[in-house]
Amino acid sequence: MRLLQVSIRSLLLYAFVLVLISIPVSFYSVRTILKEEVDESLLLHTNQFLQHIKKFESLDDLETDLTVLDQLSYNIKIKPIDSTLNTKEFQTIYLYDSMEQEQRPFRQLSSSVEIKGQPYLLTIRMSLIGNDELVFAIGSVQILLIVLLIAGLLMINRSLNKKLWKPFYRILERLKAYQLDKSESFQTEETNIVEFDDLNRTAIHLMERNRKIFLEQKEFIENASHELQTPLAIFQSKLDNLMQNPSMSESDAMTIAELEETAQRMSRLNKNLLLLSKIDNEQFGALHDIELSKLINSLIDNVKSIAEEEEINWNVKLNPLHIKANQTLTEILLTNLIHNAIRHNVNGGKVSILLESKTLTISNTGKALQMNQDKMFERFSKEGVAENSTGLGLAIVKKICESNHYSLSYEFGKGTHTFSISF
Amino acid sequence: MKILIVEDEKELVKSMVQFLRQESYVCEVAYTEREANEKILIFDYDCILLDISLPDGNGLKILQKLKENNKTDGVIIITAKNSMDDKIKGLNLGADDYLPKPFYLPELSARISAVVRRKRFDGNNKLVCNEIAVDLLGKTVSVKDKPVDLTRKEYDLLIFLMANKNRVVSKNAIAEHLSGDDAELLDKFDFIYSHIKNMKKKMTEAGCEDYIKTVYGLGYKFTA
């Protein structure tokens, strides 16, 4: 639900409740006021009538006249009564109107009066039909106003929704599209709305800070790897000198060999970390026209003599394919995949490399994966206890594929690991 | 033969000097760009080992200065920054070789002797050790004037060991020299051993003395 829908919903609910309450309240209050008004004028009429009658008290046949009046008048009834109880009674009654053929509401005041010492009951009536019409007229005007008010509110809200929230949705779009490692910097525009400008500024601030940390982090990995190169060089050079000692015993030699093994592992790790960070930092800019089948063949030639030791059979079918890519990165990508195929092979196994219609498939015989397939391309995930493996080879493969938008896939079946890259 | 080491890491310099001295090289050291600039103007060196990142400047400037002064000293760039750009820049400025840190000292020594040979004996590129004669241009080996048919890897191996005469060279250094990045795979297979074995067999069959000694499980040594 959108924010404005929430606010308009509560506004509408409030208006609806208000209308529900106000219609009967105003209806009854208007009616009451009118009734009081009618009662007052009935009282006034009664008093005026009595005063008028007083002028005629000298007439002898007043009683007859009163009877005639009672007969003729529709609104005034006057009848002699027995007791002289002093009563005044207001009543609402319904009388049949023969013209309209329906019951009509009336208000009447019955009061006992004394004319020429004789008690009479004087009843004066007033039609309420006009009052009811007034009440209904006021009510309908009120309802009309409320309908207009709500319709207006809805329309204003809708247009505001479009106009007012536009900057907000723009900021949202930008935030969605923002990628820490790709986007340059976060751009926004002035909106003249304090809240949105505030949001803009906060978003910019957050992005800038994150970006700074991100860049620092990236730089740190690269610098750290660089700084490690020199101590590693010193370490290795000391070992090279140490092994020249003519009085070296066999156990000394073994220790030096082990130390050298470790130094080599460190320098490979370092080299690969540096490589990953360089790919991250896009330091391999230059693109070259590369003929893949030629490159793959030369890389295979390099490792063939090594693979012979394991009696690995090659099945290589390459169609020529030209791609535009960085030479160094492409070599590393292919080398890592080929190394991987040899390293995780079995004695007397098979490596097949096929290149056709923009897809390179490198598969090798080998044992099924023990680790999760998804983890395979993560940094430092190693299968088994391969001491000479840095656990970074496939992470580098993935990184290179990502940075070049190649699709990379892996599957295992029938004792064969298969990596496919679509260029 | 005179070598100038331009490098600010004292410990690394110490090791390099110690290793190269046995090779009858005379080593001089410059720890800063200023020192290096002074030295290259006064003396001629057979080879200059040049670190690019120096505390007071960039080693590439030294290269430029050498070029401006028409110096023909051999230069090997040694750097912690293994970047393609620097390498191309350095080689364009007249450096002869580029060796990223960390490196094996036998590798450095082999590269130095290659540079020195190129500079000193241009044309006559023959390496002779007792009955072994290597034609570096034709890449052929002969023992007592009879040619020995070595594979490319065996040839590289022999040159590498000869360049480090009387020095223990570890298996890792040999592996990296022969296979570069593919050396990563070598640990799994006893690849060096079979190359050495084949090469030794061919050489002794040709009447060559067995100069290559195994040093425990550590490496090999060409003794002559």
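Which residues does B:Leu161 touch, not counting residues up to four places away in sequence? In this predicted model, the list is B:Val169, B:Ile212, B:Tyr220 and B:Phe222. B:Leu161 also turns up in a wider setting, the largest nonpolar core, which has 105 residues. Six of its residues touch the most other members: B:Leu161 itself, along with B:Val6, B:Leu49, B:Leu50, B:Ile76 and B:Ile174. There is a second core too, separate from that one and made up of 7 residues. Among them are A:Tyr120, A:Leu122, A:Ile124 and A:Leu128.

Now for chain A as a whole. Its 423 residues include 9 helices and 11 strands. What radius of gyration does chain A have, and what would a compact globule of 423 residues have? The globule would come out near 22 Å, but chain A has 51 Å. The spans of the C-alpha trace can be set beside that value: along the principal axes of chain A they are about 165 × 45 × 40 Å. As for burial, 22% of the residues of chain A count as buried. Contacts between residues far along the sequence can be tallied as well. Taking the contacts in chain A with a separation of 6 or more, 65% of them link residues 24 or more positions apart.

The domain assignment splits chain A into domain 1 (3-157), domain 2 (180-283) and domain 3 (288-422). Taken over C-alpha atoms, the centres of domain 2 and domain 3 of chain A are 25 Å apart. Where these two domains meet, domain 2 of chain A puts in 6 residues and domain 3 of chain A puts in 8 residues. On the domain 2 side of that contact, the classes are 4 nonpolar, 1 polar and 1 charged.

Then there is the meeting of the two chains. How many residues of each chain are in contact with the other? Chain A brings 34 residues and chain B brings 37. On the chain A side, four helices each supply at least two residues: α5 (194-242), α6 (250-280), α7 (292-308) and α8 (327-343). The largest share of that side comes from α5(A), with 11 residues. And what kinds of residue make up the side of chain A that touches chain B? Sorted by class, it holds 11 nonpolar, 15 polar and 8 charged residues.

Definitions and conventions
Residues numbered from 1 in each chain as written. Chains lettered and ligands numbered in written order. Predicted model: local features only at pLDDT ≥ 70, side-chain atom pairs only at ≥ 80, totals over all residues. Contact = placed C-beta atoms within 7 Å. Nonpolar A, V, L, I, M, F, W, Y, C, P; charged D, E, K, R; others polar. Core = buried A, V, L, I, M, F, W, Y, C linked by C-beta atoms within 7 Å. Buried ≥ 20, exposed ≤ 12 C-beta atoms within 10 Å, placed from the backbone. Rg over C-alpha atoms; globule rule 2.2 N^0.38 Å. Domains from an automatic or database assignment.
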